[in-house]
Amino acid sequence: MRSLPAALSQLLLLLLLLQAPPCRLQALSTMKLRLVGPESRPEEGRLEVLYQGQWGTVCDDDFALQEAMVACRQLGFETALTWAHSAKYGQGEGPIWLDNVRCVGTESSLDQCMSNGWGVSDCSHSEDIGVVCHPQRQRGYLSERVSNALGPQGRRLEEVRLKPILASAKRHSLVTEGAVEVKYEGHWRQVCDQDWTRNNSKVVCGMLGFPSEAPVNSLYYRKVWNLKMKDPKSRLKSLTQKNSFWIHRVNCLGTEPHLANCQVQVAPARGKQRPACPGGMHAVASCVPGPRFRPGKAKPGRKESRAEELKVRLRSGAQVGEGRVEVLMNRQWGTVCDHGWNLISATIVCRQLGFGSAREALFGAQLGQGLGPIHLSEVRCRGYERTLSDCPSLEGSQNGCQHENDAAVRCNVPNMGFQNQVRLAGGRSPEEGVVEVQVEVNGVRRWGAVCSDHWGLTEARVACRQLGLGFANHAIKDTWYWQGTPGAGEVVMSGVRCSGTELALQQCQRHGPVHCSHGAGRFSAGVSCTDSAPDLVMNAQLVQETAYLEDRPLSQLYCAHEENCLSQSADHMDWPYGHRRLLRFSSQIYNLGRADFRPKTGRHSWIWHQCHRHYHSIEVFTHYDLLTLNGSKVAEGHKASFCLEDTNCPAGLQKRYACANFGEQGVTVGCWDTYRHDIDCQWVDITDVGPGNYIFQVVVNPKYEVAESDFSNNMMRCRCKYDGHRVWLHNCHTGDSYRANEELSLEQEQRLRNNLI
């Protein structure tokens, strides 16, 4: 009888062990979540967890809003809106990793919550949980990148390429047609053409930087394949009998940013010992390059594509095919809010601009904040649209978007081989040095230096972009302190003049026969590059609101006259009697780039002006001009940067530069430098100008003395009406605000600024 209590105690102990409270998962900083649902809505879907290299689902038992909030925060969203039980987003596959998840709501990730433990569940996939997150991303969540993970074991589809087959395709540096090859787990495989579609080709072309695909002559390629298979010297027949040679099947919708997002079957179904591509051959794709990348076209080309293309643009990107997304609506450029921004919508932008699919969709103004309106938010592209305007969206002002939410993209671009035709030598870091280029001399390709005649920031900018190093920081004409590569010291390129849009120095205008007035050696061209740069833009509205006329006595203009701020006719006046008529205004210059704007030279090189008793860090910081309607200059002024400082910064941003006590000068990112209307030289002298209609023009950093990421917005223009007594400024706008039909090159803009109409 005494054995019964002992048996009962053992049974009770077993029941207690089986009904142990939920355990806390071992903290895994690498724990990954994903939402599987509609591609156009990245913030909602079935919740899946990656554990031991395999994706699995979460059971809906005990799952509620606080658990959804933790999951959404871990996924990079601000918070959760709701959750969905009973497999609303479809039944998943594989294990059900988590059950009875219980969170307080303050945890930073699900692995900090209580649960039954990994894989301990009594659920079926009909109970898979789904969540709906708020579309706004967290401030620290930077981007959505393409994932090349394939399958439950986390294997990788690393790269894709086209292997040219036709002799004509092999001669071109840019391969646009050939057999599709995929790098899988470190080895290149060919894709079987069975069930291969144009949608598959579209995804492959997008990964390679091409916006669209074209049909191929399958019959011709089949003939070539059959000839190779019959050739006794060819290894192709024996290779094709190995399943490791093939990717068995690919099925894409055409909207995917990466081949790994398609349904990919590497080998035939398990248990079936059959060949991976019976009777088939390699799949062939043909891609259509965008206008910038077509052979023989150095600049963006065809008129028929430009009008549509210019309704969207990229700004502030360090590389080709990246930047802040801006759209043209109501004749004004504005930004796109990152609420709901994802790779699908980013890919539509990339293809619209002539690039491939998007490799990264960036949030939180990672490539700089824009100015002006926020046109779009909650953009919901499905992937089939031709342009961003075809996608459903909301107005940016409807959900409280700020410019700190500006969306950006990084697109796939074709590999033109230009990066292998330029290099830097002798610098203290990989980002600086003497520019050496590879060109063809008497039928032989050779390396050599570039003559520094006419070498400026525009040319240096093209060189840095070609090198993949971003923006030009300095264009250097005297490089005696840098030793070039032995044997590459001879000048092979001279008279280089770039417009700024070229992809390589080899596309710029240059001399036929090389002619360099300085010769080689110390006067070879050099650069220093940077991945971030400032970007100055004038507050056009403030200029329009503050303009007025003043008749100022000559007795108060001695210092201004000394600094050449008056028209030449002032030299012949009877000083100090008389006056000058001045068009005065305030100017506010904003740095919307990603680096501080600093003077080109250090304070040891600044010039002291005794009359005004201040230093000029940049002798000509702005040009002020009054032009006739056909562009002829009738009056001019200029402003030296005697005080380049942070006059105003937004809340939470510390001022870094102040001119007092010979302080450091500059303009911090996100801050304004203001020149009030009542300081000397903040005017145009219009004493000699008659009544009429004019164009008032202001150009910041007119001589390109300091590098910027974008010079197209440095010019501001207003329509000006002067009746001899009063003046009106209206329709003031920066140079890049309204242009829809035409994009001026930097060369054209400089000619316009210098009145070479």
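## Strand S42 and its partners

Let's start in the middle of a sheet: strand S42 (residues 692-700) and strand S43 (residues 715-722) run antiparallel and pair over eight bridges. One place to look is tyrosine 694, whose bridge partner in S43 is cysteine 720. Keep in mind that everything here comes from a predicted model.

S42 also pairs with strand S38 (residues 622-627), again in the antiparallel sense, this time over six bridges. Here leucine 627 has isoleucine 695 of S42 as its bridge partner. So is S42 mostly covered or mostly open? Mostly covered: seven of the nine residues in S42 are buried.

## The protein as a whole

Now step back. The protein has twelve helices and 44 strands. Out of its 757 residues, 52% are buried. About 35600 Å² of the protein is exposed, and 49% of that area is supplied by carbon and sulfur atoms.

How do the contacts spread along the chain? Take the contacts between residues at least 6 apart in sequence: 72% of them join residues at least 24 apart.

## A three-stranded open sheet

Another spot to look at is an open sheet of three strands, with the order S33-S34-S41 and antiparallel pairing. Strand S33 (548-553) and strand S41 (683-685) are at the edges with a single partner strand each, so each has one side without a neighbour in the sheet. On average, neighbouring strands of this sheet are turned by 35 degrees against each other, ignoring direction.

S33 and strand S34 (residues 579-584) are joined by six bridges in the antiparallel sense. If you want a residue pair to find on screen, try glutamate 550, which stands opposite leucine 582 in S34.

## Two nonpolar cores

Which residues touch the most other members of the largest nonpolar core? They are Val180, Val250, Leu259, Val336, Trp341 and Leu388, out of 56 residues in that core. Helix H8 (residues 343-352) gives this core its largest share, six residues. Apart from this core lies another one, of 31 residues, including Ala540, Leu583, Phe597 and Tyr624.

Leucine 388 is worth a click. Setting aside its neighbours within four places in sequence, leucine 388 is in contact with Val327, Val336, Trp341, Ser345, Ile348, Val349, Gln352, Leu376, Val379 and Cys381. Two names on that list, Val336 and Trp341, also turn up among the residues touching the most other members of the largest core.

Note on methods:
Residues are numbered from 1 along each chain as its sequence is written. This is a predicted model: local features need pLDDT of at least 70, side-chain atom pairs count only at pLDDT 80 or more; totals for chains, interfaces and linings use all residues. Side-chain values use heavy atoms; hydrogens and water are left out. Helices (H or I, at least four residues) and strands (E, at least two) are DSSP runs, numbered from the N terminus. Buried means under 20% relative accessible area, exposed over 50%, partly exposed in between (1.4 Å probe, protein chains only). Contact means heavy atoms within 4.5 Å. Accessible areas come from the Shrake-Rupley method with a 1.4 Å probe; for residues, only the protein chains shown count as cover. Two strands pair if DSSP finds at least two bridges between them. Axes are lines fitted to C-alpha atoms, for helices over the stretch in contact, and angles run from 0 to 180 degrees between N-to-C directions. A nonpolar core is a set of buried Ala, Val, Leu, Ile, Met, Phe, Trp, Tyr and Cys residues joined through side-chain atoms within 4.5 Å.
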